[in-house]
Amino acid sequence: MNTEQRQQLIAHAFSTHFGATPTLWCRAPGRVDLMGSHTDYNLGYVMTMTVDRDTWMAARPRADRLVRIASLNLPGGSEFSLDDIQPANNPEMRWTDYIRGVAKVLQDAGHPLAGFDGLIHSTIPLGSGLSSSAALEMVTAIVFQQVSDFRLDAVQMARLGQQAENQFVGVSCGILDQYSSALGRAGAALLLDCRDLTSRDVPVHPTIGVVICDTKAERQLVGTEYADRRRQCEEGVRVLQQRQPEIRSLRDVPVEVFERYKQHLPAVVAKRCQFIIEENTRVLELKDALPRGDKQKLHHLFHASYVGARDLYEIAVPAMEAMLNAMLEGPGVIAARQAGAGFGGCMVALVEAQFVQHFVPYVTQAYTGKTGVQPSIYSVAAVDGAGLLNR
Ligand code: ADP
Ligand code: MG
């Protein structure tokens, strides 16, 4: 489906649903991390890149304070009043909490909001680690700015989106996803510093293709895995702080300092901390290797990241191991690792650009052969962050 067909499909559905034509088109992209698993809430570094899969919202301003929303990806559209923003009370409408949450934090931050009718359509797989939730938050924030006539800077918009997801939806995510979707740049990865929320462009060498390998294993972050890891990292910081008071987060812990004090940490906590500290170092090393196209280095960094995620942070599942093996056999493969929070979902490979067309069918077949599951494998390119569709 090309852009025009997509727009036609959405416009048609919009008029069926709302009985009018949309007057405003906004978009926000998904993203993939090339390095930096779980480093964001540890105030470290991430190498992140937007992908050319995005969430669109077609909208039409309303004269009253009602927000009516529907999605072509999920059933259960609903409406709410800006005068009384409550979480959805029906499980089928739970996805609308991302929109209600953004409305709530924007309003609480002092921005007077106007209502709108909005229809959502996304090409980002939902719940696979490419940040469909952040894209939904960012596109909602763009629509509100347009219909209510105020402007946020992109970092502020990312912060508010994270706040909506933390406080209203109840997911304790870091800021990586929203930041990437808001500030991404066409043609480059971003090296994000999660402490001061600054970033710099890191071009990917032109001979390298980025390929998403979706295991289609449903991510099981339903339990307390994510919260447990956050807590274990915080515990590590507390213990290390007793030895060196200037330590505020794992970001502040050089490898040598960790080595010196790690025997004071409970074994599991030590493993979690070691992964984060080493992963931060790998992000900084990737900053030099990626633009240079240093294939050996890239392979080594990605592999060390995966092995650490599996053995130290323990966020791998069998489907990820099967996918890793399929990726590493693929023609033209340079490097392969997990993406997102782990526990299934997507993985990411760097592949010789000229071999991508062979890599995709090969890995699809190899993974299906190993697991009986049909994966979804496709190359991606970095695009600009959230904004108007025809900017
Ligand atoms: P990820 O952000 O990795 O895709 P999350 O679990 O954080 O995974 O967010 C996925 C959830 O976000 C979905 O289950 C749904 O509630 C909501 N969501 C995202 N995109 C859409 C969409 N286009 N339409 C409706 N809901 C969406
Ligand atoms: Mg998400």
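Start by selecting helix 10 and helix 11 together: their axes are oblique to each other, because the angle between them falls outside the parallel, perpendicular and antiparallel ranges. Keep in mind as you look around that this is a predicted model.

With both helices coloured, you can check the geometry: helix 10 and helix 11 pack at about 140 degrees, and their axes lie 9 Å apart. Their crossing is right-handed. Now show side chains. From helix 10, the contact uses A319, A322, M323, N325, A326, M327 and E329; from helix 11, pick F359, Y362, V363, A366, Y367, K370 and T371. Sorted by class, this contact has 10 nonpolar, 2 polar and 2 charged residues.

Next, stay on helix 10 alone, residues 318-329. Its 12 residues should span 16 Å at 1.5 Å a residue, and its end C-alpha atoms are 17 Å apart, so the two agree. Which residues of helix 10 are buried? Select A319, M320, A322, M323, L324, A326 and M327. To see what covers these buried residues, turn on the surroundings, including strand 8 (208-214), strand 9 (333-338), strand 10 (346-352) and helix 9.

Helix 9 leads to the last stop. Select residues 267-292 for helix 8 and 295-311 for helix 9; they pack at about 165 degrees with axes 10 Å apart. That angle makes helix 8 roughly antiparallel to helix 9. Here the crossing is left-handed. Among the residues that meet are K271, F275, E279 and R282 in helix 8, and K297, L298, L301 and F302 in helix 9. By class, the contact has 9 nonpolar, 2 polar and 6 charged residues.

Definitions and conventions
Residues numbered from 1 in each chain as written. Chains lettered and ligands numbered in written order. Predicted model: local features only at pLDDT ≥ 70, side-chain atom pairs only at ≥ 80, totals over all residues. Heavy atoms only, no water. Axes fitted to C-alpha atoms, helices over the stretch in contact; angles between N-to-C directions. Helix = DSSP H or I, 4+ residues; strand = E, 2+ residues; numbered from the N terminus. Parallel < 35°, antiparallel > 145°, perpendicular 65-115°, else oblique. Left-handed = near helix turned anticlockwise from the far one by under 90°. Contact = heavy atoms within 4.5 Å. Nonpolar A, V, L, I, M, F, W, Y, C, P; charged D, E, K, R; others polar. Expected span 1.5 Å × (residues − 1). Buried < 20%, exposed > 50% of the residue type's maximum accessible area, 1.4 Å probe, protein only.
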